[in-house]
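Colleague: Please show me the model. I would like to ask what some of the terms rest on.

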Amino acid sequence: MEYQIQRGTYDAYDEEALNLKKLEEIFSSIASTYGYNYIKTPTYEQTELFTRSVGESSDIVNKEMFTFLDKGGRNISLRPELTAGVMRAIVTNKLYARDLPLKNFYCGNVFRYERPQQGRYREFLQFGVECVGINNYFHDVETISLGYKSLKFVGFSHLILKINTLGDESSRENYKIALRDYFKDKISCMCPDCQRRFETNVLRILDCKVEEDQKIIKDAPKINSYLSQEAKDYFQNVLDLLDEQSIEYVIDDTLVRGLDYYSQVVFEYHYIASDGTNLGAIGAGGHYDNLLSDVGGPKLSSVGFAFGLERINALLKIIEGEKYEKPNIDLYIIHLGEETKQYSFLLMQELREAFFKVDMCLEEKSIKSQLKLAIRKNAKFALIIGSEEMQKNCFNLKNLNTQEQIEISYENLIDKLDEVIGLGDYEDEK
Ligand code: AMP
């Protein structure tokens, strides 16, 4: 029987897998420079955690959760995002009692039962950060710029940062009244989702992508007229500080985000490839005030974002084309004859301990076939070892790019490899 891959899931291997892993590493190390620490939380949580926090009016909770009863009869859901789990972890472990803000980054798989399409999966990877504890627009800007600079760093030179404010609680309540008033005699002609949103969270109607509905939404009241002076000032401070760092943004007053918990500043990062590919937002986030208290902790303002790693990876593949990184190794050892195999094997193990990426063929194959393997493995160098080389402890090191060949003694091998290849990344970081 041949097993089929599940709809909306994918297998990543070779350069796809390599680059996803690399993105996680790069984003993690940039987040560390901003003072964030890694946090790992479970893949599944009590369903109620998500209904309370992400919100019952959101599509994610309403339509997209993978929910089941476990063998003990508990109502469980696979996480549809990581923020709620991080908040739960902060409460469970009383992390809020530490110095604030708490700054954590995460990377993990999330699950949403969505209609699969380009850039939209049912299981995908999110990298994100949460800065919890202090209501200060500096933290909003710090977080927005961390996301912006991380995306620039990995190769998105022309990023579109969309930003909006949902105001504070009183601004939002006044705005919702105005929206309800505007939509009340139009809602019957709008899509079923909008009709549901009208009842549960009227703000979310602004997020509707249905073309006919968009025509109605276009003339809806704008948040700007309902913002308190305090909320206006807060937003202006954010924009000014972004300007100071030359971070370009576009104010989008229809941006409300799909999750119920946001207040004040919300933002999305977009990128449209030169061939026109638009995968939607590659990252998004915002400020939230009540999430921690909703899951049983103190009321602390927070801000965070999440990136979709598959979308980022897919766009980088288009942007970088040939340069898109393929798996490679530093050195492929080519051994000539049975008697050199063990010697080569032990040398390979020694070089691996020095953090070089080394491989060899452990079967008997001709030099030609082994060279082909070296090229297929994308090796930078080949080290050729015949019985004579083994006796003399001196080998030929061939650069597989330039085809240049040099002779090198065993004693000088590690230093020479270090010079031509550089020690492995791991060794550099130590
Ligand atoms: P959200 O948690 O909805 O704010 O999403 C954050 C980011 O996750 C988005 O900007 C996308 O890059 C990514 N994302 C959201 N949904 C999906 C999906 N179904 N498949 C792949 N990536 C997604």
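The exchange below takes terms one at a time.

Modeller: This is a predicted model, in which local features need pLDDT of at least 70, side-chain atom pairs count only at pLDDT 80 or more, and totals for chains, interfaces and linings use all residues. Residues are numbered from 1 along each chain as its sequence is written, and side-chain values use heavy atoms, with hydrogens and water left out.

Colleague: Why is strand β12 called mostly covered?

Modeller: Buried means under 20% relative accessible area, with a 1.4 Å probe and protein chains only. In β12 (residues 329-335), seven of seven residues are buried. A strand here is a DSSP run of E with at least two residues, numbered from the N terminus.

Colleague: What makes β12 and β14 a pair?

Modeller: Two strands pair if DSSP finds at least two bridges between them. Six bridges join β12 to β14 (residues 379-385), so they pair, and they run parallel. I334 stands opposite I384 in β14.

Colleague: Which strand pairs with β12 over three bridges?

Modeller: That is β13 (residues 358-360), also in the parallel sense. L331 has V358 of β13 as its bridge partner.

Colleague: How do you know that Q126 makes a polar contact with the ligand?

Modeller: A polar contact is a pair of N or O atoms within 3.5 Å. A polar side-chain atom of Q126 lies 3.1 Å from a ligand oxygen, so the pair qualifies. A backbone N or O atom of G283 lies 3.2 Å from an oxygen atom of the ligand, so that pair qualifies too. The protein buries 93% of the 490 Å² that the ligand exposes when taken alone, by the Shrake-Rupley method with a 1.4 Å probe.

Note on methods: Buried means under 20% relative accessible area, exposed over 50%, partly exposed in between (1.4 Å probe, protein chains only). Helices (H or I, at least four residues) and strands (E, at least two) are DSSP runs, numbered from the N terminus. A polar contact is a pair of N or O atoms within 3.5 Å; within protein, one must be able to donate a hydrogen and the other to accept it, and residues adjacent in sequence count only if both atoms are side-chain atoms.
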